[in-house]
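Hi,

I hope your week is going well. Here is the structure I promised to pass on to you.

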Amino acid sequence: MSETLICVLLVTSSAKGSNLVYHWPPSPQTTPRLARPLPTNDFPGSFSDNPWRAANSTDHITEEKWHPSTLAPEDLSEYYWQRSSVRRPRAVSFSRQPPSHPTSRRASPSKDGSGRNDDASPFGLGCGRCGSGACAGCVQTGDEYDTLLGYSTEFLAQILCPQSSMCHQKFELVVDDLAFIGHPVCADGDGGWRFKTDKARAAARGRGSKKGQSPQVEERNLTPERMERGEQNSGRTLHVQTTTGTGDSGIKTFHFVLVLDLPDPSSSASGNIARYFDTMYQQIAFNVTAVLYQEQVLHQYVETECERLSLLRDEYANRGESFADFMYEATKVSSIAPAMQTLYESIKKQDVARITLHDLPLELQLPPHLDSLLHAEEDVEPEEEVNGEDGEPNAWGPEMSFAWRLPALTPWKALLRLDDEDEQGYELYMQLRTAQLHPEERDLAEQLLRFIDLATVNLSLADMASLLDWNLESQVYPAVRWLVLHRKAKVVDVVHQGLKTVFSIPQKFPEPLAALSEQFAATFAQAGVPPLPKLLVTISTATHTQPANHFYATVVRSKELIPLYFDVVLWMLKHDLLIRLHLRIRIIATPELKKRVRKRWEEHVMRKRSRSRARSISRSRERANGGSERGRGRGRGRGNADDEDEKGGPVLEPVSESRSVDYWVSLSPKTAREHTRRRDSEEAGDKADSDEEAQDRDRRERDREKTDEYDEEFLSSSADEGKWDEYYQSGGNDNIASMIRDPARATPLERRWLAGMSEGKDPHIVRRFERIHQYFDGKCSDDEILYRAEISRKILREVIHHYEEYLQTFLHPS
């Protein structure tokens, strides 16, 4: 936001007319703009490629002897863009009422009397707005009391104090290269200041009620929350006192306005500038207006302060004092003036603005990376920041998910305090101690202090929740969001207590290395720590050293120096000079493993085919034997039935020639006995054969069950078997290694590879590997694996050691 903010101003309107009460800085400047590309003049004939100059110039540059000194700044005046109010004097009066202060004043002299032009162009070509020094904002004799940004203060006050129908909603006005953003508020029809009800806000008209715009976004409630619910916790009800302006001097409207230099729409993606303005309105303009409106309704604060500033302004103008003296004195007599100054300077420095309005503390800030919306190469995608990497809602919430660029808020992260445990920590402690809090809120404040005292980079947020017996989602995360929002802490990766952590350095430093080195030397000069550049070189080259590449092995190298270098690590983390590298793991199926699994698959196919062929032969035999046995059974059944029904004795059936028949009658007694003995021996042999066949059948059944169990483990379904056939028939190469991209959703072939990796391993190691290999996708860091699998780092190292030939480990930042 420091790129576009030009100034902040406060305007009011009353029965006497509109008035620009105060603004900061005293002499705001806009960015120089060109009407045409400014040509370079470092070679003869530099203007010859300009068609406009060639068509309108009477001099032939090519015929003259060129010299750089012959090119005067006034020759470039037509290249700079000028407002219409600068090109022609503004002669039309926009108000029939006289101004609220005398207009006959002498020009304000320069305070130092040097007479230099503070609006000089950065190109050294006169005014920073027009380049010619002819506009009203850069004339040295101009009246600073009556002009601002090239416009009269009366004109600006009139256009920035809209009618009552356009009040109590978002205000956005673009004039030439300036954008005015605010939230104007006004008194009721009888001149009284009251909080607006929902019904009154719904009936308000203006741009916020147009079709296609959301009233919930633009017509925001300025009524304090405690005014709506009363002081229920304390058993008291806060009575609202309606204030009415005294006589004709009471203000009817006031408007806190942010003046922005209109960004170039072509420099950013579509919609980013609208989001840029909306963020500025929500975070700054609306919040300041809400506090001012509350204090005006309750105590007439705005009216009193504006009257005081207007009287001081008229007094200094009548006495001919410089405008700078008036601005300096205003910060002493009014609390609004220093608040506006602090707000402007904090925004320009991208810091938190801590201001006080009528003894009410207020902290305001903008997202740190809001300016990146104005650069096409650094466009932020707000839609992608709503959800995290795993598709779950962002734990930072919608307010801190836009233009903050914060790391993911996860249980395995740590919290780094930025208060150095001295001044800011004591200030936070006193704020929580001395604040007029209710008992419930005081308990929450005490818990927050416990949380801050426990916060360290050695403890993850999950460990802190366990030690405090807090809920991670409902207690820990809100505390972290509050601390980060108020710039009192930042989320970092966990640092090993013995500094056995691998670090790297960022590609771009937040500040120049010379300034950082000076600060580092001032902090650790007496401790014998190497200079910052040397330390950065050691850290950056240590990542390529195996296996001892962590901070302790490369920098510390002594247990006695751990406390000293722990402070060094904290200092570097606070200045964004260290990036922790996380261990990430991938699973690789080696060629030997793939060949072994393929061989077993081919054996399975052969067994399946032979078993299928044997099963078909067995079924055909069973059908054949079953048919003959059924025929004999039916014959015997019919003979028995006839004997029982008709004669009661045996009946002989006619026998065909092909059927073997025992002719019992034709045999002699000796022959019959021999035949009987031979038949008995044959039946005994058949019975023994049948017993052996049953045993063989049982043995084959058991073998088949074992094979089926293996096959069910090897292939889950016929569809999976088809995928195996497709893989191998489509040229699946077993001579090269393959990476298992997502072990949690592994294919049947990849599952067999994973099972083949565990052959010959101890059962407890195999169980651990099967438990955590789903996180070996190269995306989960080691800290995430330890948290999700609920294992120790020792167990993770043990699994990596036993499966080393199948794992690929690498270091990568989060």
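Below are a few things I found in it, on a helix pair, the cysteines and one methionine. Please keep in mind that this is a predicted model.

**The helix pair.** Helix H8 covers residues 301–318 and helix H9 covers residues 323–333. Their axes lie 10 Å apart and make an angle of about 150°. That angle is over 145°, the cut-off for this class, so H8 and H9 run roughly antiparallel to each other. The crossing of H8 past H9 is right-handed. On the H8 side, the residues that meet H9 are Glu305, Arg308, Leu309, Leu312, Arg313 and Tyr316. Their partners in H9 are Phe323, Asp325, Phe326, Glu329, Ala330 and Val333. Sorted by class, this contact holds seven nonpolar and five charged residues, with no polar ones.

**The cysteines.** How many disulfides does a search of the whole structure find? The count is zero. Cys161 is in no disulfide, and the nearest cysteine sulfur, that of Cys167, is 8.1 Å away. Cys161 counts as buried, at 10% relative accessibility. Cys7 is buried too, with a relative accessible area of 0%.

**Met572.** You will find Met572 in helix H19, residues 562–574. Its relative accessibility is 0%, so Met572 counts as buried. Beyond its neighbours within four places in sequence, Met572 is in contact with Leu532, Leu535, Leu536, Ile539, Leu577 and Leu578. Ile505 is 67 residues from Met572 in sequence, while the two are 9.8 Å apart in space, C-alpha to C-alpha.

Happy to talk it through whenever suits you.

Best wishes

Methods:
Residues numbered from 1 in each chain as written. Predicted model: local features only at pLDDT ≥ 70, side-chain atom pairs only at ≥ 80, totals over all residues. Heavy atoms only, no water. Axes fitted to C-alpha atoms, helices over the stretch in contact; angles between N-to-C directions. Helix = DSSP H or I, 4+ residues; strand = E, 2+ residues; numbered from the N terminus. Parallel < 35°, antiparallel > 145°, perpendicular 65-115°, else oblique. Left-handed = near helix turned anticlockwise from the far one by under 90°. Contact = heavy atoms within 4.5 Å. Nonpolar A, V, L, I, M, F, W, Y, C, P; charged D, E, K, R; others polar. Disulfide = S-S within 2.5 Å. Buried < 20%, exposed > 50% of the residue type's maximum accessible area, 1.4 Å probe, protein only.
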